Amino acid sequence: MPSNGPDFDRERRVAVAAAEEAGGLLRRRFGAVHCLRTKDESGDVQVDLDLAAESLVLGRIRRHFPDDRILSEEAGLLDAAGERTWLVDPLDGSNNVAIGLPAYAVGIGLCLAGVPVLGVVHEPVTGQTWHAVRGHGAHGGEGVLTGPAPGLPSPGPVVAWTQGYAVRRGDATAVALRGALELHSRRVLQLWAPLLGWSLLARGTIDAFVGYRAEGVDLPTGALLAAEAGVELRTLFGAPFTPGFAGDDSGRSFVAARGETLAFLLREVGAVA
C-alpha cells in the first residue's frame, strides 16, 4: 500500500518490544499454567498467565505513554484524557492454553479517535511478530504481508470464524452463519484466538475471516493487520466495515477477504444473516 500519514514508529517499537517480552514469559511458563476462574457462563477462562503477561505490557505502555488511555482484556479501561487508546490482549487464546493447546497470541493496538492506527500481533510458539501502521502496510517474517490471492479456490475457501463471548450457543444467526460456511467452504477454523486468524489472513495462508458480534479488544488490532495487507473488510451485508472497540457488539460482525472470495462469501452469509 502507498505510504502516507504518520508512521507511529516509536509506538510501534514499544508495542513490538512489549508483545515479545510478554510472549517470552508465556512461552516459558506454558506448561505450568493455572486456571484462576471461569469468567462467565460462556465458559471463557482466565489463567494466571493472562495477568502476568498483562502486567508486563501495561508497564511498558504506561512508562512510555503515561497520558494515553488503555483498554486491556483483564484490567478493563485505564482511563486518561485524549484521543489515544491502546488495546491490549495479553493472552489471546486463554482457553487453548488452559487445555494445553499451544495456539495463542499477544495483541497490542493503538486507536486514534476510535480508528485503529497501529496493530501488533506476536505468536510466542513460533517467535514471529507481525505489525501494521495505517497507510504504511503490514510487515513481519520475510517482509511485506500481501494477504490471500483474490481468486476463489476451487475446493472452496479456508475461513476462520469468531464470535463474541456474549453469543449464546443457540443463537439463530450464529448457527445459520456457521452452517452456511461449513456447507460452502473447504474448512472453517474455530481457533479460540482471533488474532491468530487475522495473522493467517494477512499472510495469505487462509482465504477469509468471518466474525459475528466479535470481541472489541482485539478486533481493531487484527483487522488493521489484514487491511494493510490488502484484505477488504465488509459488514455481513456488504457495506464497508470499520473495526472498532466501543459500542454494542452488533456493530462488530464482518466478512474479511479479497476479490472473488469476498463476493462468494457475501452471497452466502447475506442469504442467512
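A residue counts as buried when its relative accessible area is under 20%, as exposed when that area is over 50%, and as partly exposed in between. Keep those cut-offs in mind, as they will guide us through this predicted model.

A good place to try them out is helix α5, which spans residues 194-203. Eight of its ten residues are buried, so by the cut-off of under 20% this helix is mostly covered. The buried ones are Pro194, Leu195, Leu196, Gly197, Trp198, Ser199, Leu201 and Ala202. Just after α5 comes glycine 204, with a positive phi near 80°.

Now let us step back and look at the whole chain. It has seven helices and 15 strands. Its radius of gyration is 17 Å, close to the 19 Å that the globule rule gives for 273 residues, so the chain is as compact as a globular protein of that length. The C-alpha atoms fill a box of roughly 50 × 45 × 35 Å along the principal axes. Of the 273 residues, 53% count as buried. If you take the contacts between residues at least 6 apart in sequence, 64% of them join residues at least 24 apart.

The outside of the chain can be described too. The protein chain exposes about 11,500 Å², and carbon and sulfur atoms supply 51% of that area. As for charge, there are 25 positive and 32 negative side chains, and the centres of these two sets lie 2 Å apart.

With that overview, we can visit a few single residues. Aspartate 89 sits in strand β5, which covers residues 84-92. Is this aspartate buried or exposed? Its relative accessibility is 2%, which is under 20%, so aspartate 89 counts as buried. Leaving aside neighbours within four places in sequence, aspartate 89 is in contact with Glu73, Ala105, Val106, Gly107, Leu195, Val217 and Asp218. One of these partners, Leu195, is also on the list of buried residues of α5. The side chain of aspartate 89 also reaches the backbone nitrogen of aspartate 92, at 3.5 Å. For a sense of distance, valine 47 is 42 residues from aspartate 89 in sequence, and their C-alpha atoms are 13 Å apart in space.

Further along the chain is arginine 258, in the loop between β15 (254-257) and α7 (259-270). Its relative accessibility is 24%, which falls between the two cut-offs, so arginine 258 counts as partly exposed. Not counting residues up to four places away in sequence, arginine 258 touches Thr146, Pro148, Ala149, Pro150, Gly230, Val231 and Glu232. Glycine 93 is 165 residues away from arginine 258 along the chain, and 26 Å separates their C-alpha atoms.

Our last stop concerns backbone angles. Most residues other than glycine have a negative phi. Which positive value does phenylalanine 8 have for phi? Its phi is near 45°. Phenylalanine 8 lies in the segment before α1 (9-29), and with 13% relative accessibility it counts as buried. Alanine 113 also has a positive phi, near 55°. This alanine is placed in the loop between β6 (105-112) and β7 (115-123). At a relative accessible area of 54%, which is over 50%, alanine 113 is exposed.

Terms used
Residues numbered from 1 in each chain as written. Predicted model: local features only at pLDDT ≥ 70, side-chain atom pairs only at ≥ 80, totals over all residues. Heavy atoms only, no water. Helix = DSSP H or I, 4+ residues; strand = E, 2+ residues; numbered from the N terminus. Rg over C-alpha atoms; globule rule 2.2 N^0.38 Å. Buried < 20%, exposed > 50% of the residue type's maximum accessible area, 1.4 Å probe, protein only. Contact = heavy atoms within 4.5 Å. Areas by Shrake-Rupley, 256 points an atom, 1.4 Å probe, with all protein chains shown as cover. Lys, Arg positive; Asp, Glu negative; His and termini not counted. Charge placed at Lys NZ, Arg CZ, Asp CG, Glu CD. Polar contact = N/O pair within 3.5 Å; in protein donor to acceptor, adjacent residues only side chain to side chain.
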